[in-house]
Amino acid sequence: MDYVVLLKQVPDLAEDLEIDSAGTGLDREWMSFVASEWDEYALEEALHLRDATGGTVTCLALGVQAGDVDELLATCLARGADRVVRVGSFEQSPDSHSAAGAFAAALDGIPHDLILTGVQAIDDLDGQVGPLLATRRDLPHVSVVTHIAVAADGKTATAHQEYAGGVVGEFELDLPAVLGVQTSREAPRYAPVSRVRQLMKTATIEKADGGGGGSGSGLTIEAMAVPESGATAEMITGNPVAIADRIAAILAERGIGAGAPR
Amino acid sequence: MSADVMVLVEHRDGAILDTTFELLGKAKSLAAESKGEAVAVLLGSGVAGLAGSLGAAARVIVIDDPAFEAFSPSAYQAALVPVVRDREPTLVLVANSGAGMDVAAGLSAALELPLAAYATEVTMDGGSPRVTCQLYAGKIQATVRFERGRGIATVVAGSFPAEAGAGAGSPMVEAVAATASDGRVRFKRLHRPEAGDVDITRESVLVSVGRGIGDQDNLELIEALAKALGGAVSSSRPIADAGWLPRTRQVGKSGLKVKPKVYLALGISGAPEHLEGMRGAELIIAVNSDARAPIFSVAHYGAVADLLDVVPALTARLGG
Amino acid sequence: MLDRDVTREIFEGISTEGEILFYALTGVATLVFFVGIGIRLRKYARGRPQGVIGSPLGFARRAARSSVDTAFNRTVAKRDLYAGVFHSMIMWGFIVLFIGTAILTLEADIVRPLAPQFSFYWGAFYLVYSLVLDVLGMAMLVGIAAMAVRRARRPRQLDYSRVDIAPATTDRGGFRTGDWIFLGWLAVLGVTGLVLEGARILAHDFPWFEVFSPVGWVLAGVFEAVGMNTAVAEAVRSSTWWGHAFIALAFVAYFPFSKAIHALADPVNLALRSPLAGQRLPVLATTGAMPADGHIGIRDLADMPWKALLDLDSCTKCGRCHVACPAVASGAPLSPRDLILDLRQEADAAWSILAPLAERRSDHPYGGAATRGDGGLPADPGGGAGPNGGSRVAGGLISADTLWSCTTCLACVEACPVGIEHVPTIVGMRRSLVDQGIVAPSLQTAFTSLAKQGNSFGQSGRARARWTDNLPTPIVDARKEDVDWLWFVGDFASFDVRVQEATRLVARIFQAAGMDFGILYEGERSAGNDVRRAGEEGLFEVLVEHNVGQLEKARFRRIVTTDPHTLNTLKFEYPDFGGEYEVWHYSQVLAALLASGDLEARAPIGRRVTYHDPCYLARYSKVTAAPREVLAAIGAELVEMPRNGANTFCCGAGGGRIWMDDSGLTERPSEQRIREAMTLPGVTDFVTACPKDLTMYTAAVKATGHEDRLLVSDLIELVATAVGLPLESAVLREAQPEMELAAADGQPG
């Protein structure tokens, strides 16, 4: 079974995000990057599936200059991936449509039975890479999935798609297919810094062509802004007992907790 | 290209979901501005009767076929592609739900139609849509337009009032034949969470707990508080994922949407997916040890403290 | 008078055959002894190499120190005079009796046959010899009796129950049996020797000079009083002689396979103990080639350094580490004693070393097959131990929960009378856990934040110096200007909201005192002490490289910090990475400033305070005087905590524990410590000198409901009040009028 995981880095939300001078993008000067959380779940799932069925896990990431793609890929290897490939070359992280196009081109040369990627990312302005890529390559896809399993014959996979209210739809897909992973069965395993550093020095990161560039997102960004928080909370201070008293008073004003049953 | 605004209808167990009404209400007002129609697209099996409740729409396109007995991304995608391609609406509105995300992105790629995701506001400006999207866990807002004046938008639940789209009416109903999908994605069954003892959507007081609770044993403190308040315990996603509370208690995008009189958010950081489920509550009081938790931006009252200190004190204060 | 008659016959009444038998048995016993010692030495040889000698001069000094410590039982007597006195008596009694036997051997087997003219076992020599041996022999018996009484009363220290596994899964009866056998054997040896002597004296009808064997003399009198005649006495003597001989020789043979080995292992272990035990952890060569077997840290038994294996054998199960440990006290599944004993028994079982009366565990039989990292069922049940023998210890024999429970407070190492270094072994295993990916999510989050942003708070590294906003006078940027003092602020002092109040006061006090100091602003990252102790050595190296680079570019004479963890690593570990610095704790600087008059305590604090010694300050850096000098100088009345100085009790935050979930504990160490403080009459203030302590105790005093009676504050806040600077903390400001009122009275108290 050839598992392929698509990953990217996104801005680290620990930093304050600032808008650039043009007002249409983020100020990149102090931005630092971390792996997209859902992509890490996708990788963790791929590793578990590989351990169950056998096969290989190949990680693909776009060759974005901003951030550190090599560290991302070395981390994948440290977690247990078998192969890592850097796709194309981009100055900054491209939009999801372009990303899907680049991955689609690269997949020509990479065997894939099941492609896993995070269901979303925090910068997916123009949609999610999973379904975009799947449609480009005419592959069946289901997103927002958990509980992934691959059939013994390796021809189909099952997954649960999450809806509101805790309702879940179970689907069977013919492979090869694309799944957008919502969460992994276990928390993503830790990649020790020493192994990552060592792999960054010694590991082979393959390169793949990202195609001739895609159509882009088709969106024009008019403005980006930090949303006004509107009415922020009125903060209650003091020690826990004082806080509790104040909350009880607020509730009592609304007739709650005065001892009366509902 | 038409000036219509199309809405993908979501339904389950014979009822239209609230998010669809939110979109319909918005579509109706947008269509009025663009001088087009609000068109609802309803896929299902034996659902023609539902068309009547889509009164806010001027027209309902019904694709009734056993293949749509249950939602399936590939079936919906296959059916919708020709509809959108032929009608060329200015805007297609899809809910940012589990189902909607899949279909919208698939449509975008198949039709090479741009997609604006996580929309919280849509306006019409000179006949073409302007969409406001929330990114970076709600920290940044981007206002975008479609390069060629048409596109798809996935809308965050709760962005628009559902009342605007509800209400009976007599839209023009148009039956359209389904385009079969290739069957490579097959729906097997629906898993419902085990019926809980409590329906949190009907409770007027919810004491909701998140990761800040620490250990499962601490839940009894929360139960005691809920009892003292005459309310019920609900939770954010991590608690349900860990199995400490049943899924039926989960509030948020993958859980339930609640609008209680009082929502006590304890140890909940306030990720957008959770806020989606509870921001409509009348009174939100948040307790979190992190002063920068996003929950404080939607709460009416907040306290930066350890919930394990405040909760027993509050329970005692209430005589519990 | 003191002629050749003043003596006793060696081998009296023993035939030539008897002598030959005796020597044969001696030969066998000695052989078994040396084989046993040899097996142990071979066990240590299986361990990884470890440089413990260091410089020859330094080693000679440590060896000399160890000899003195052993001779005076200093480490045994520390905080337990009873044990110190009575163990000395047993030890010296045994040593002297042993030397006495050696002297006899010299006389009987070497001098008499080969050079009879030098025979010395008679006359004055004999009298002195007899007296000394009798007194010391009696002392040994008294000591044994005292220890037996203590043991019989089952003190907590000697309660062997485990804290990490269910009682039903283990049987430690063998421990208790072995302990009593050891004591009993020595007692029987001593008693038979004295009985033998008494019988001999009676059989010879009380030769006058035998009064120099007072115990024997008295015993002889007792025997006579109960009607024993000389013939019976002779029979008693000769049978007891053989009994004593057998028991003694059997003891020699039993020695290396029993608790007795501590007599040889412990002085050696003390001599080899690193003077920087725990303070400086070994460097891992993580750059370059991976170790041949790919093991980082201590994953299997064979990864243990040989000194650690010696540590295991040195343990006498005294239980001092167990009762000092905050993990044990708070209900965590870690006991340093049991960790050591588990490893020892595992090594013995895996490497087929005879060690009778061991513990019997049903959940993890010692020496079993390699287990999965999570301690679950063996991945391959038929498989035996690895090529070097011994199964997985990190995450296997020693569970991950156990290893993650350690706060690295060093109480165990400090309390241990025999020089065991528990903490480096625990950290070595944590390194393996990290390498195996067995890291709790909250700890992963902390590591990721530290890696990305250089702090564990999940905040941008650029926000590190935001605590300086609104300071009346800006702090010099040490990256741009030369300074005398480089103040290494640290994570908690920079980012924790409560601690920031104290940090700002430190800045203003330093400025008021006219100190020439600066900080690195955003150039600073966490010094990495706790990252290293949490086992993430790779991340530690990243942080060190960065900080050393920043420090190299700055120009300063010495470093000051408020954080004892930072102090430890900068001072003792950074030199291994090219950064040699003179590092002070801010309490030392304050003490100097107050002593020199650069700071003047115009308004002495007339309050009864208690001071909590931070673990990393008192045990690691051994700074206990300076904070007390500061308190004295500002007029505070200090009431010592019951456990103070090097015996201080941990707040529970160290070793990365502050980044881990503590909800499983029965009672947090910090809350226990507050309750300990509440036993002090009239004390109103709990003073800390470490940012993490301030955080932990502020929370603990609230959690225990004592925040109205005990004010938790940092040393600097008391100094600021005494010096006349207004405080930030609302809580302290409320208390300030009281403080000023007390000061206005003029005299403290």
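How many residue pairs are in polar contact across the interface of chain C and chain B (both at pLDDT 80 or more)? The rule finds 0 such pairs there. Keep in mind as you read that this is a predicted model. Between chain B and chain A, by comparison, the count is 36 residue pairs in polar contact (both at pLDDT 80 or more). Let's walk through these two interfaces, then look at the domains of chain A and at the cavities.

**Where chain C meets chain B**

- Here 4 residues of chain C and 4 residues of chain B make up the contact.
- Together, chain C and chain B bury about 350 Å², and carbon and sulfur atoms account for 42% of that area.
- On the side of chain C that touches chain B, you will find 1 nonpolar residue, 3 polar residues and no charged ones.
- The search for salt bridges across this interface of chain C and chain B gives 0.

**Where chain B meets chain A**

- This contact draws on 80 residues from chain B and 78 residues from chain A.
- About 7,000 Å² is buried between chain B and chain A, with 59% of it coming from carbon and sulfur atoms.
- If you would like to find some residues in the 3D view, try Tyr136(B), Arg184(B) and Tyr301(B): they supply 11% of the area that chain B buries against chain A, which is more than any other three residues give.
- Across the interface of chain B and chain A, the rule finds 9 salt bridges.
- A salt bridge to look up joins the side chains of Glu162(A) and Arg237(B), at 2.7 Å from N to O.

**How chain A is divided**

- Chain A has a domain 1, covering residues 2–208, and a domain 2, covering residues 230–262.
- Between the C-alpha centres of domain 1 of chain A and domain 2 of chain A, the distance is 44 Å.

**Spaces inside the structure**

- The structure contains 12 cavities of 30 Å³ or more.
- In the largest cavity there is about 160 Å³ of space.
- That largest cavity is lined by 15 residues, and those closest to its centre are Asp491(C), Ser526(C), Asp563(C), Thr566(C) and Lys692(C).

Terms used: Residues are numbered from 1 along each chain as its sequence is written. Chains are lettered from A and ligands numbered from 1 in the order in which they are written. This is a predicted model: local features need pLDDT of at least 70, side-chain atom pairs count only at pLDDT 80 or more; totals for chains, interfaces and linings use all residues. Side-chain values use heavy atoms; hydrogens and water are left out. Contact means heavy atoms within 4.5 Å. Buried area is the accessible area (1.4 Å probe) that two parts lose on being put together, summed over both. A salt bridge is a side-chain nitrogen of Lys or Arg within 4 Å of a carboxyl oxygen of Asp or Glu. A polar contact is a pair of N or O atoms within 3.5 Å; within protein, one must be able to donate a hydrogen and the other to accept it, and residues adjacent in sequence count only if both atoms are side-chain atoms. Ala, Val, Leu, Ile, Met, Phe, Trp, Tyr, Cys and Pro count as nonpolar, Asp, Glu, Lys and Arg as charged, and the others, Gly among them, as polar. Domain bounds come from an automatic or database domain assignment. On a 1 Å grid over the protein atoms alone, a cavity is a set of points where a 1.4 Å probe fits but cannot get out, and a pocket is an open set with protein on both sides within 12 Å along at least five of seven lines; lining residues have an atom within 4 Å of a point. Grid points are joined across faces, edges and corners, and a volume is the space filled by probe spheres set on the points.
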